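Dear colleague,

I am handing over the structure we spoke about, and below it I have set out what I found in it. Please read the notes with the coordinates open beside them.

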Amino acid sequence: MTFLAKPLTALVAATSLLLGQVAFAAVDDAVAKQIKAKLSAGNPNATFGDVRESPLSGLYEVEVNGGNVLFVSKDGGHFIAGDLFEVGAEQVVNLSEQRRGRHRAEVMDQQDLKDMIVFSPKGETKAHIYVFTDVDCGYCRKLHDDVPELNRRGIEVRYLAFPRAGLNSVGYRKIATAWCADDPNKTLTDLKSRKDVPLKVCNNNPVAAQYKLGNEVIDVRGTPTIVMEDGTVVPGYLPPDTLVKALGI
């Protein structure tokens, strides 16, 4: 299941929707054990998380393999895989995407800033975005050209590496060169500007870990991929005016 095909308007609207919180009542231990035992018997290779009440009466939420959520019957004998939506008076809210957004926000907050290449405003930082980037994609370059304007508007840009061609590619060596450089910011800018930069890959660089994070947690399908503070994911380029509006500043 992917959320990357959402139209831009829905993505921008999701920024405010993701601020909502869904409260869940405690689940009886016997019910939780029964559900997990049944699911584990059906798929011993899967890893199931905590059992939670869902907004639907009679169904429970169980996270599987640290990602997707199953909606499971009380006896654990039936489940539904997919997103849960709430129909309101004037809008439809994806409750499953809200949960994923909160999880992504928590995960991104746990990442070490020292492992990122960060472009910070000279004045007050009003908001920040995470950007999974590659040095060879055209829209990554276009977004990077906007970084001075984003900084001027108080937006900090936190780059994570995502070599599109994988870890055994020239693209990996290029982007790892930026992370290994004495001046990562300048080197990343030079690489995105297609300047001739000698490739130098150091040991213990964070590129592989960030590539794994993008693939397994954020579900990056292309670059650039922007992750907002609240966990909203925007696949692709957004101009500064749109980003500022989405960030609420």
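Phenylalanine 162 and its surroundings

Phenylalanine 162 is buried, with a relative accessible area of 5%, and I begin with this residue, which sits in the loop between β9 and α6 (170-180). Please keep in mind throughout that the model is a predicted one. Leaving aside neighbours within four places in sequence, phenylalanine 162 is in contact with Phe132, Thr133, Asp134, Ile175, Tyr211, Gly214, Asn215, Val220 and Thr223. One of these partners, tyrosine 211, is 49 residues away from phenylalanine 162 in sequence, yet the two C-alpha atoms are 5.0 Å apart in space.

Another of the partners, glycine 214, belongs to helix α8 and is buried, at a relative accessible area of 0%. Apart from residues up to four places away in sequence, glycine 214 touches Phe132, Phe162, Asp219 and Val220. Between glycine 214 and phenylalanine 132 there are 7.3 Å from C-alpha to C-alpha, although they stand 82 residues apart in sequence.

Threonine 133

Which residue shares a polar contact of 2.6 Å with threonine 133, side chain to side chain? The partner is lysine 192, and lysine 192 is itself listed among the buried residues of α7. Threonine 133 lies in strand β8, which spans residues 127-133, and counts as buried because its relative accessible area is 0%, where the limit for that class is under 20%. When residues up to four places away in sequence are not counted, threonine 133 touches Cys140, Tyr159, Leu160, Ala161, Phe162, Pro163, Ile175, Lys192 and Thr223.

Helices α4 and α7

In helix α4 (residues 138-145), the buried residues are Cys140, Arg141, Leu143 and His144. They cover an arc of only 160° around the axis, and therefore they lie on the same side of α4. Tyr139 and Asp145, by contrast, are exposed on the other side of α4. The buried residues of α4 pack against β7 (117-119), β8, α5 (147-152), β9 (155-161), α7 (184-192) and β10 (225-227).

For α7, the buried residues are Thr187, Leu188, Asp190, Leu191 and Lys192, and what covers them includes β7, β8, α4, β9 and α6. The packing between α4 and α7 thus appears in both descriptions, with α7 among the elements against which the buried residues of α4 pack and α4 among those that cover the buried residues of α7.

Backbone geometry to check

Most residues other than glycine have a negative phi, and most peptide bonds are trans. With that in mind, there are three places in the backbone that you may wish to look at. Arginine 194, which follows α7, has a phi near 65°, a positive value in a residue other than glycine; this arginine 194 is in the loop between α7 and α8 and, at 64% relative accessibility, counts as exposed. Asparagine 204, found in the loop between α7 and α8, also has a positive phi, of about 60°, although it is not a glycine, and asparagine 204 is exposed, with a relative accessible area of 81%. Lastly, the peptide bond from threonine 223 to proline 224 is cis, with omega near -5°, and proline 224 lies in the loop between α8 (207-218) and β10. Threonine 223, on the near side of that bond in sequence, is in contact with phenylalanine 162 and with threonine 133.

Surface and chain as a whole

Phe85, Val87 and Val92 make a nonpolar surface patch of about 320 Å². Of these, phenylalanine 85 lies in strand β5 (residues 85-87) and is partly exposed, with a relative accessible area of 49%.

The secondary structure of the chain comes to nine helices and eleven strands. Buried residues make up 48% of the 249 residues in the chain, while the chain exposes about 13,200 Å², of which carbon and sulfur atoms supply 50%. Among contacts between residues at least 6 apart in sequence, 65% join residues at least 24 apart, and the pair of phenylalanine 162 and tyrosine 211, 49 residues apart in sequence, is one of the contacts described above.

With best regards

Terms used. Residues numbered from 1 in each chain as written. Predicted model: local features only at pLDDT ≥ 70, side-chain atom pairs only at ≥ 80, totals over all residues. Heavy atoms only, no water. Patch = residues over 30% accessible without salt bridge, like charges linked within 9 Å, V, L, I, M, F, W, Y side chains within 5 Å. Areas by Shrake-Rupley, 256 points an atom, 1.4 Å probe, with all protein chains shown as cover. Salt bridge = Lys/Arg side-chain N within 4 Å of Asp/Glu carboxyl O. Helix = DSSP H or I, 4+ residues; strand = E, 2+ residues; numbered from the N terminus. Buried < 20%, exposed > 50% of the residue type's maximum accessible area, 1.4 Å probe, protein only. Polar contact = N/O pair within 3.5 Å; in protein donor to acceptor, adjacent residues only side chain to side chain. Contact = heavy atoms within 4.5 Å. Arc of directions from axis to C-beta.
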